[in-house]
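I opened a new page for this structure and kept notes as I went. The entries follow the order in which I looked things up.

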Amino acid sequence: VAKDCSLTVVSCDFHYAGCEVQLPRKDMPAHLVEGLVVHLPLIATYNERKLAERDQLIAKFQKELEQSRRKVEKMEKEKRQEIASLKAQYEEHSRSIAKLIAKQEKDRSSLETLQSYAGIFPVQLTMTDVHKHTNDDTWFSKPFYTHPHGYKMCLKVAVNSTPVSVYIYLMRGEFDDHLRWPFQGQVTVQLINQAAKDEGHYTSTISFSNIRQSGISRVVDSERAVDWFGQAKFFPLRELSGYSAEENCQYLKDDCLRFEISRVTDVDRMVQLERQCLVIESRVFIPPIEFTMSDIDQQTNENAMWYSPSFYTHQRGYRMSLHVFPNGIAAAKGTHVSVYVCLVRGEFDEYLKWPFRGDITIQLLNQLEDKNHHEMTTRFTDTTPDDIAGRVTRGMRANPWGKTSFISHDELGYNQDKNCQYLKSDCLQIRVAKVEMKN
């Protein structure tokens with residue numbers, strides 16, 4: 001009824017433009033005709049306002065779009081810069097890695113050279129471009145020395161025959177004036193199996209004897225001796241190539257053969273060493289052996305480390321010492337005693353097998369009676385790092401190996417139930433009870 005009744009008061013159709021007139025429905029047509037002059041300016045003003053609002057909205061959207069565009073451009077620029085930076089870092093790291101690899105290769109080569117010149121065994125000798133040498137006469141290795149200030153030698157390999165031939169030459173050396181001549185001894189040569197670390201190597205021993213004086217006499221007028229000693233039939237040529245999965249064996253790899261001088265036995269030096277051994281054996285400590293640590297309270301307060309006198313695993317064996325931290329180290333600091341075993345450079349190292357493998361049993365002694373000792377066994381196994389179990393060639397000692405939490409401080413005092421007391425009169429007594437050799 002409200003929509004159709006002629007008396008219902010309604011607003012002007014141009015109310016949206018600002019006309020505020022309200023009339024009965026029956027009078028509204030006349031108002032629309034009579035108010036045309038008023039309505040047109042209102043409509044124009046309304047449209048102008050709406051256009052202005054639209055323009056403002058468009059301007060706002062354009063501004064936001066411009067801001068978004070600039071933001072995207074900034075992000076793209078930052079990403080390009082980041083990518084360029086990452087690329088530069090990658091290239092720098094690649095160059096650094098290449099330099100590091102080159103340095104490691106140089107250091108390895110330098111170390112091999114140092115070992116060969118210092119008489120530190122085994123000496124690694126790598127023959128490259130093997131197939132090229134099958135058409136040449138021979139290949140000569142870099143020089144090596146039999147021992148520090150010893151005889152200078154080199155390896156000669158011929159792969160142009162069947163089988164492969166290997167010879168050892170004496171060379172004119174820097175220490176010849178101080179050596180006994182002629183040289184007599186043996187050189188142990190290994191052809192390395194490059195498919196396995198410690199197995200499948202082919203080993204042969206070359207002996208120097210007086211049957212050819214020109215091969216054992218001092219070299220004076222040339223670089224190498226006139227004669228040599230070796231084996232014309234060292235290894236079958238046909239067995240060099242290829243990989244044997246059944247035996248996990250491969251001698252020729254990447255066109256390289258690797259040889260190792262594992263030992264040189266100098267008869268004259270062995271005689272001298274035997275005399276030295278007799279002197280050394282008269283004063284070396286062999287397990288079981290006991291050491292006394294005094295002033296424990298002071299060493300604990302000062303976080304001190306105690307070194308035992310060195311001892312040998314057996315006659316003419318590996319030299320070692322104990323490292324003890326009365327106040328502990330690392331996570332055991334302040335609560336436990338830490339005990340380690342450390343290999344020490346010894347007089348017999350060049351005649352021993354490396355790395356060391358074995359078990360060392362250490363006891364902290366009960367000072368009231370000969371039982372209830374606190375014991376640990378330090379094991380040197382195939383997984384023990386080389387800087388711990390390997391031969392000491394730099395410095396006097398290898399890195400230590402043992403137990404950080406050997407015994408707690410609370411256990412050191414008197415225990416009535418066990419009739420046990422490890423710390424007495426401010427002293428600890430430690431025994432190297434036994435050494436079981438594994439190699």
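Entry 1, threonine 361. I asked whether threonine 361 is buried or exposed in this predicted model. Its relative accessible area is 4%, and the limit for buried is under 20%, so I put threonine 361 down as buried. The residue lies in strand β17, which covers residues 358–364. I then looked up what threonine 361 touches, leaving out residues up to four places away in sequence. The list holds Glu375, Met376 and Thr377, and also Arg431, Val432, Ala433 and Lys434.

Entry 2, serine 308. I found serine 308 in a loop, with β13 (306–307) on one side and β14 (311–312) on the other. The relative accessible area of serine 308 is 5%, so I noted this residue as buried too. Setting aside neighbours within four places in sequence, I listed Phe291, Ser321 and Leu322 as its contacts. I looked further into the pair with leucine 322: a polar atom of the serine 308 side chain is 2.8 Å from the backbone nitrogen of leucine 322.

Entry 3, leucine 57. I turned to a helix next and found leucine 57 in α2, which runs over residues 36–118. Is leucine 57 buried or exposed? I had to write partly exposed, because its relative accessible area is 40% and that class falls between 20% and 50%. I also took the C-alpha to C-alpha distance from leucine 57 to leucine 36, which is 31 Å for 21 residues of sequence.

Entry 4, the whole chain. I counted 7 helices and 20 strands in the protein chain. What is the radius of gyration of the protein chain? I noted 45 Å, against near 22 Å for a compact globule of 439 residues. Along the principal axes, the C-alpha atoms fill a box of roughly 145 × 85 × 45 Å.

Entry 5, surface and contacts. I noted that 37% of the 439 residues count as buried. The protein chain exposes about 25900 Å², and I recorded that 51% of this comes from carbon and sulfur atoms. For contacts between residues at least 6 apart in sequence, I found that 62% join residues at least 24 apart.

Entry 6, charges. I looked up 56 positive and 59 negative charges in the protein chain. How far apart are their mean positions? I wrote down 2 Å.

Terms used
Residues numbered from 1 in each chain as written. Predicted model: local features only at pLDDT ≥ 70, side-chain atom pairs only at ≥ 80, totals over all residues. Heavy atoms only, no water. Helix = DSSP H or I, 4+ residues; strand = E, 2+ residues; numbered from the N terminus. Buried < 20%, exposed > 50% of the residue type's maximum accessible area, 1.4 Å probe, protein only. Polar contact = N/O pair within 3.5 Å; in protein donor to acceptor, adjacent residues only side chain to side chain. Contact = heavy atoms within 4.5 Å. Rg over C-alpha atoms; globule rule 2.2 N^0.38 Å. Areas by Shrake-Rupley, 256 points an atom, 1.4 Å probe, with all protein chains shown as cover. Lys, Arg positive; Asp, Glu negative; His and termini not counted. Charge placed at Lys NZ, Arg CZ, Asp CG, Glu CD.
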